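Please work through the following exercises with the structure at hand, reading each task before its solution.

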Amino acid sequence: MKRPIAFALVLAFVCLLSGSARGAAGNFDAESYASPKIRDLYLVIIRDPDAQLLALQRGQADILGDLHRPVDVDTLADDPRVNLSLASGFHGFFLGFNVRSFPWNRLELRQAAWQSLPRERIVRDLFAGYAEPLSTFLPPVSPYYEPNVATYPFDPDAARKRLADAGWTWGTDGVLISPEGERIPDQRLLSPTASVAPTSAELAARAADALSVIGIPVRSEPMDFSTMLSRLDERNFQMYVLAWQMTRDPDSLYALYSSKMDIPGGYNIPGISDPELDAVLDRLRFAPDAMTALDAASDAQKKLAELAPVAPIYSRYTISAVRRDWKGTLVTDRTTADNLWSLLSMEPAAGPMRPLYLVQGEEPRALNPFTSSSGYDWQVLTLIYDALIAIDPYTLETIPWLAKSWTVTTRIRDDGPHTVLTFHLRDNVRWQDGKPMTAEDAAFTYEYLRKNMVPRYFDNVDNIEKIETPDPLTLVVTMKNTSFWHLHRVGGIPVLPRHIVEKVEDWRSWLPASLKHPEDGSLTQLVGTGPFVFREYRAGEYVHLTANDAFWLGRRR
Amino acid sequence: MRHLLARWSFWCLLLLVLTALFGGRLFDAPPEREVAAAFSKPLWIERDLPPTKEFRLSADTPSLRFDWRYAPPSRLSLRIDPSVGQTGRFVEWRKPGAPEPLHLAPLRGGFEADGRDIAFKRSLGLPPFGDAAASLFSERGSYELALSGEGGFEGEVVLKLEGGRWGLLGTDQRGRDVAALFVAGVRVSLIVGIFATLLATFLGTSFGLAAGYLGGWIDGLLMRIVDLLLSIPLLPVLMALAALWGKGLWQLVLILSVFSWMGTARTVRALVLTLRDAPYIEGLRGLGAPPGYILRKHLLPETLPVLLATMTLGVPGAILSEAGLSFLGLSDPRVISWGRMLHEAHSFGAFTAGAWWMLLPPGLGIALLCLVFLDLGKFLEERVDPRLRKGVRS
Amino acid sequence: MNYWGRRISGALLVLALVLVLNFLLFRLMPGDPVASIVDPRFSPEAKEQLRKMYGLDRPLPVQFALYVKSTLTFDFGISFLTGLPVAQELRSRVPNTVILLGTSLLLSAALGTWLGMKAALRRGSLLERCVLWSGALSFSFPSFFVQLLLLMFFASMIPLFPLRGTLSVPPPAGGPALLFDYLRHMALPVFSLVLLGFGGWAIYVRNLTVKILGEDFILLARARGLPRKNILRGHVFRTMLPPLLTIFLLSLPSVVSGAVITETVFSLHGVGRFLLEAVTGHDYPAAGAAFFLLSLLTVTCNLLSDLLYGITDPRVRLERGNR
């Protein structure tokens, strides 16, 4: 599954998920951190999960960020050398319906289907309990989560009763017949194949069985993933299962459920079209400020729960492991152990300083901030580049990063209201090659992305109308329309060095990790303002980074 | 025939074929069904692990006392009958020597909890990675399962404890009986091996006979096709076709045979070329015998001994190819084959869990099957070419 | 020359057909890389941009022309999955695969030949039986099984060898230390491949040697009183060499395909693993490149072995005359 784009990742790499306990220390102080204590950081590439585990247990690796096999979790839970931590997140796995036609255009049927899904049992059997049954459209960890929504807990009898009350009957073969006398035709539930996604395929089979119990004749149909996506895009389907990696901002609900997004290439796959819902989603998408956003998000979730266009099933937990011979790890129920704050503050529990080994399951490849699409690339890039804003690991709120403060205002002009973002940057930030960072760099970055229509950032910069830098530490971005989310969209873009990027001939084929820095021979062109300096990427083996002692955080000048 | 019966591989093959045909009847559940906890060990090791037990509380037996002399169970689940309804009471658990009982669950109809549920672990005060069963059965001694408060109730409370042992070969990561899967895998391996090779031999012989005897442009065309197919690397094509199609056993058989007939064709063609100009064949031609007759009655029988040997030796190749593909995860997951079992063992952590009963049987099974066919093939080869027989010093 | 000319032109024709097949095979596969992007932040417009970037919006014949051009110049284009030039990806992986496979093939051929000859000379002895049995065993065990067992053994029991990769992290500095580190990492994979590969060779060589030893010209040489060593070296081995070389060349391509499994089990950075990921990830440029290179290797090996066969086998020479 493709990982989210840069923006979402700068934010998302810090935050993970979490269910129950809301962020503990609401007084997290980013300023108390400074440049990394460790001198060397190695991201060791180990693909095989068994080998990852062995490396961790033997001390050849110190942090394992994402354990997904229950047997690994159980093995490490018994190991006294290792600390496990669990974080919940923005992953969501859904069962979708084609709401455009019979039988899924009937609301009571969707609600009954929701009630017939045994989420707890599925989580228990498929994930050995290490996942969270999900019944809402935003995960509980989201800052915009609305708990007071209609829910449909597992109860097949209640499901049958709901249908019977609405006038449905059952034929002699056990299949449901609508109040108008139409029998439900055999349904096919599209899913990825078991070779590609074993748990998804199994889950689809179980969902099909569960729905058959109340009289909906469903069979799961595993198929090649891109074929499945083509079928979904052509709207040639009845039911499907799909996982989404949602983000901190709830405006993804607009992309997923607005009727305007029911177009080729759009993500309103179920085809839900409800004027009230559309109005709420519009309000959400174009909310001018935080209050409206919160309000609209809450209404959107309530409405979606009523309409039930898809049935959420579970949300993945992320479990990470750290060896006990290191201290200073920051663990919350929303972020795993391998977050930025840990990497800044970790040091050996005893003995001299030594390199930190972090396990990476796949290779980063291009390490090109323009085109890199996988989370493995961004694991590296987020250590090198900074954005204007960052995220509190406890509350998931926006905190100052390169920008020490900002304002979001709405300017009314003849052609309508425009959001204006004004960022005030810190004055002590330097690029890793020594040059000072200014608002010019940020302005240049956004302009570059917009001019070249770089696909990954298209949606971030598409709405920018004008960028101004009245002084070297102030950035004023005027948007084409109004939306509270512009702050995150623009503020979350990694800031690239103008003096390097303006000399790049083709951003598509730029390989900064293998090109020497024009002035400083000890660096590559992969320089940012971040806490770690890129040193070497040995394909198939590791990525080597060293601490940036001149990192701006926690320094006066 | 006598020689054949004397060979171990013949009897082994017979046993395997019988297992493939009738082995399924040894088990009550189909192989895909979950029968016990994941990674359960085989029954015949670690007697320390408990057997599966169920404890029921009902209106007549509101409390149960029992002795626990084993290691903790590997899985526990608690189910309360819906007819119990709402009471204000709890299901209690008393450990040996503990002054206060532990509240296991509210006595509410329809309540279900499992040792794997994080919510249940939290209710016991355990971290999310804790082992609920181990915590509840922390020592050997006398335990009590009871209900708090007074009064009767409807329905029953069932506490099911699963030991960590099952069957002849334990269970896999999904709790399926490994022995049942193993038996099902015999059938797949035999089918793939035999039919793929049969088909490949059939294709190869036909093309080889045609090319060798008819010659001319037919020969040229067929040999070009042979070259083309030989130049396409097998595994990548199998991977691509498996990704395209792949679903189903017979597709795999077809694909494997399409890419392995070339060797046979070349051998047959070479043989036909040498025989074609033999005097007796020429004589037949002179007498006016049609090519079909010559091919059928004379040339084909000449090739049979060699073919039989080649075919038997080709079966291991097909079996190993299928195993390789399955191991890489490219085969149909609904088809239980030994290669697939090894793939699942590898990706779902049998190695880490130390579940050697998932790894050894399929691998040894594949090796055994290959050895059987190799031995039979050697036997047939020796019949054809006596020089290869053992014991004849040169 | 006519014979060779025909063989070479035949090989080129096959290559051309392989090119077409490669192209069609991946275009026929359902879906394209952009379709796999499921991310609510990727608007339909952004996806179109991506499609343009990959050149997927151009008509099929244009894509084919570009494909042919890039393949023949060994350019291979940019990988869809990684954005890196495919040639660069291959460059970092080919040495590992070549060393792994080359070493193991040579070692298994050498070991197998030696054992096979020894067995053929001592017919009916315990040695022969051992060789035949060990050969059969080595052939019958699936490669990944043996490798997994080796890993298990060396992981839990004797932590002598590293379990993954080709180098330690960080690799030791200095030429000899680096080389030793590399060898230590490659030892287990190579050992497993030799263990699995010598069997087929041993049996084949044993059968071949037995056949040759039964030939009349060997009988004649013995009758002439030539010492055994001379017979072996001069007559037997020399007769055996062409078929051995032929088999060596012909087994090279299939061994490469087997690299996929070894590289998966030992997490080696090689071409086999690259191919697997490219095929399953619909990465046309990468998969097409790997495919083409493998086909090129196969065609070359077939050609060489055919030529070798043509030189040595008198029946084929006669056949040339008849045509």
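**Exercise 1.** Determine how many residues chain C and chain B each bring to their contact, and how much area is buried between them.

*Solution.* Counting contact as heavy atoms within 4.5 Å, one finds 57 residues from chain C and 52 residues from chain B. The area buried between the two chains, that is, the accessible area (1.4 Å probe) that two parts lose on being put together, summed over both, is about 4600 Å², and carbon and sulfur atoms give 74% of that area. Across this interface there are zero residue pairs in polar contact (both at pLDDT 80 or more), where a polar contact is a pair of N or O atoms within 3.5 Å, one able to donate a hydrogen and the other to accept it, and residues adjacent in sequence count only if both atoms are side-chain atoms. The largest share of the side of chain C that touches chain B, nine residues, comes from α1(C).

This is a predicted model, in which local features need pLDDT of at least 70 and side-chain atom pairs count only at pLDDT 80 or more, whereas totals for chains, interfaces and linings use all residues. Residues are numbered from 1 along each chain as its sequence is written, chains are lettered from A and ligands numbered from 1 in the order in which they are written, and side-chain values use heavy atoms, with hydrogens and water left out.

**Exercise 2.** Describe the salt bridge between Arg65(B) and Glu144(B), and state where each residue lies.

*Solution.* A salt bridge requires a side-chain nitrogen of Lys or Arg within 4 Å of a carboxyl oxygen of Asp or Glu; in this pair the closest N and O atoms are 3.2 Å apart. Arg65(B) lies in strand β2 (residues 63-68) of chain B and Glu144(B) in strand β7 (residues 141-147) of chain B, so the pair ties together parts that are 79 residues apart in sequence. With buried meaning under 20% relative accessible area, exposed over 50% and partly exposed in between (1.4 Å probe, protein chains only), Arg65(B) is exposed at 58%, while Glu144(B) is buried at 13%.

**Exercise 3.** Which side chain of opposite charge is nearest to Glu146(A), and which side chain makes a polar contact with that of Glu146(A)?

*Solution.* Glu146(A) lies in the loop between β5 (131-133) and α6 (156-165) of chain A. Glu146(A) is buried yet has no salt bridge, the nearest side chain of opposite charge, Lys302(A), being 4.1 Å away. The polar contact is with the side chain of Ser298(A), at 2.5 Å.

Methods. Helix = DSSP H or I, 4+ residues; strand = E, 2+ residues; numbered from the N terminus. Lys, Arg positive; Asp, Glu negative; His and termini not counted.
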